[in-house]
Amino acid sequence: VSMFAKLPYDQLRDFAAITRIGSLPNVLLSHPSLPVRSIKDLVAYAKANPGKLSYSSGQVGTSPQLSIELLKQATKIDILNIPYKIGAQGMSDAIGGQVPLNVSTLPLSVAPVQSGRLRGLAVTSAKRAAPLPSVPTMQESGIAGYEVTSWYGVCAPAGTPAAVLDKLNADITSILRTPELQQRLVELITEITPTSREEFDSFIRAEIARWAQVIKDAGIPKM
């Protein structure tokens, strides 16, 4: 929402939050040839070599890119973003050594890390990701309060009766507890994170405000 100068709707005015469904982190990856093994190493290397490091990501304004912009703002390092229309191509170029760093969603990152083609420096969630238990979080790596996830949720048109919203919240939460759906989300490497309506509404508002500030501070032009 914060990436667009003008939208035909207002997320807060035109929609009523029902529940978040799930979330997954991003992973900051490095090519083995880069002499860094941790976020601490990366920060030190970047400060010793300002403007010389770059990272590949998906399109401008996507969660992977913004997660690194947040890291840059927290650590005052200078790393150039190289956006790709197709995120998997940015991953391929990192594996090939054309770009020293990459940031991708967890599902794309598991195989390259497990095979040793890329090194996992940190996951962006508050806790470690089950498929990559040896990769620390940003918070464990010394970035206090850092947490970024891509998330999914359900909203209804504004004005939907509260009783209907409550029923939808209860039904969706119940469905998320079924073994079949839980297994499917595990296959998709997505953590199930249902919320109350009030919690999801507060979460959406906080996310919009937070990323609007990150985008502004990073100088990313709106689309």
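This report covers the overall fold, strand β1 with its partners, and one internal cavity.

**Overall fold**

The model is predicted. The chain contains 8 helices and 7 strands. Its radius of gyration is 19 Å, close to the 17 Å that the globule rule gives for 223 residues, so the chain is as compact as a globular protein of that length. Along the principal axes, the C-alpha atoms fill a box of roughly 55 × 40 × 30 Å. Of the 223 residues, 43% count as buried. Contacts reach far along the sequence: among those between residues at least 6 apart, 75% join residues at least 24 apart.

**Strand β1 and its partners**

Strand β1 spans residues 15-30. The strand is mostly covered, with 14 of its 16 residues buried. Buried here means under 20% relative accessible area.

Which strands pair with β1? The table lists β4, β5, β6 and β7, with one opposed residue pair for each.

| Partner of β1 | Residues | Sense | Bridges | Opposed pair (β1 / partner) |
|---|---|---|---|---|
| β4 | 101-105 | antiparallel | 5 bridges | N26 / T105 |
| β5 | 119-123 | antiparallel | 4 bridges | L29 / G120 |
| β6 | 149-157 | antiparallel | 9 bridges | A17 / C155 |
| β7 | 191-192 | antiparallel | 2 bridges | S23 / E191 |

The pairing with β6 is built on 9 bridges. Within it, A17 stands opposite C155. β7 covers residues 191-192 and joins β1 through 2 bridges. There, S23 faces E191 across the pairing. Further along β1, N26 is set against T105 of β4, and L29 has G120 of β5 as its bridge partner.

**The cavity**

Rolling a probe the size of a water molecule over the atoms shows where empty space is left. In this model the count comes to 1 cavity of 30 Å³ or more. The largest cavity has a volume of about 40 Å³.

Which residues line the largest cavity? They are Q11, L12, F15, A16, A17, C155, D201 and I204. By class, the lining has 6 nonpolar, 1 polar and 1 charged residues.

Three elements each supply at least two lining residues: α1 (11-14), β1 and α8 (197-218). The largest share, 3 residues, comes from β1.

The cavity also ties back to the strand pairing. A17 and C155 both belong to the lining. A17 stands opposite C155 in β6.

Notes:
Residues are numbered from 1 along each chain as its sequence is written. This is a predicted model: local features need pLDDT of at least 70, side-chain atom pairs count only at pLDDT 80 or more; totals for chains, interfaces and linings use all residues. Side-chain values use heavy atoms; hydrogens and water are left out. Buried means under 20% relative accessible area, exposed over 50%, partly exposed in between (1.4 Å probe, protein chains only). Two strands pair if DSSP finds at least two bridges between them. On a 1 Å grid over the protein atoms alone, a cavity is a set of points where a 1.4 Å probe fits but cannot get out, and a pocket is an open set with protein on both sides within 12 Å along at least five of seven lines; lining residues have an atom within 4 Å of a point. Grid points are joined across faces, edges and corners, and a volume is the space filled by probe spheres set on the points. Ala, Val, Leu, Ile, Met, Phe, Trp, Tyr, Cys and Pro count as nonpolar, Asp, Glu, Lys and Arg as charged, and the others, Gly among them, as polar. The radius of gyration is taken over C-alpha atoms; the globule rule is 2.2 Å times the number of residues to the power 0.38. Contact means heavy atoms within 4.5 Å.
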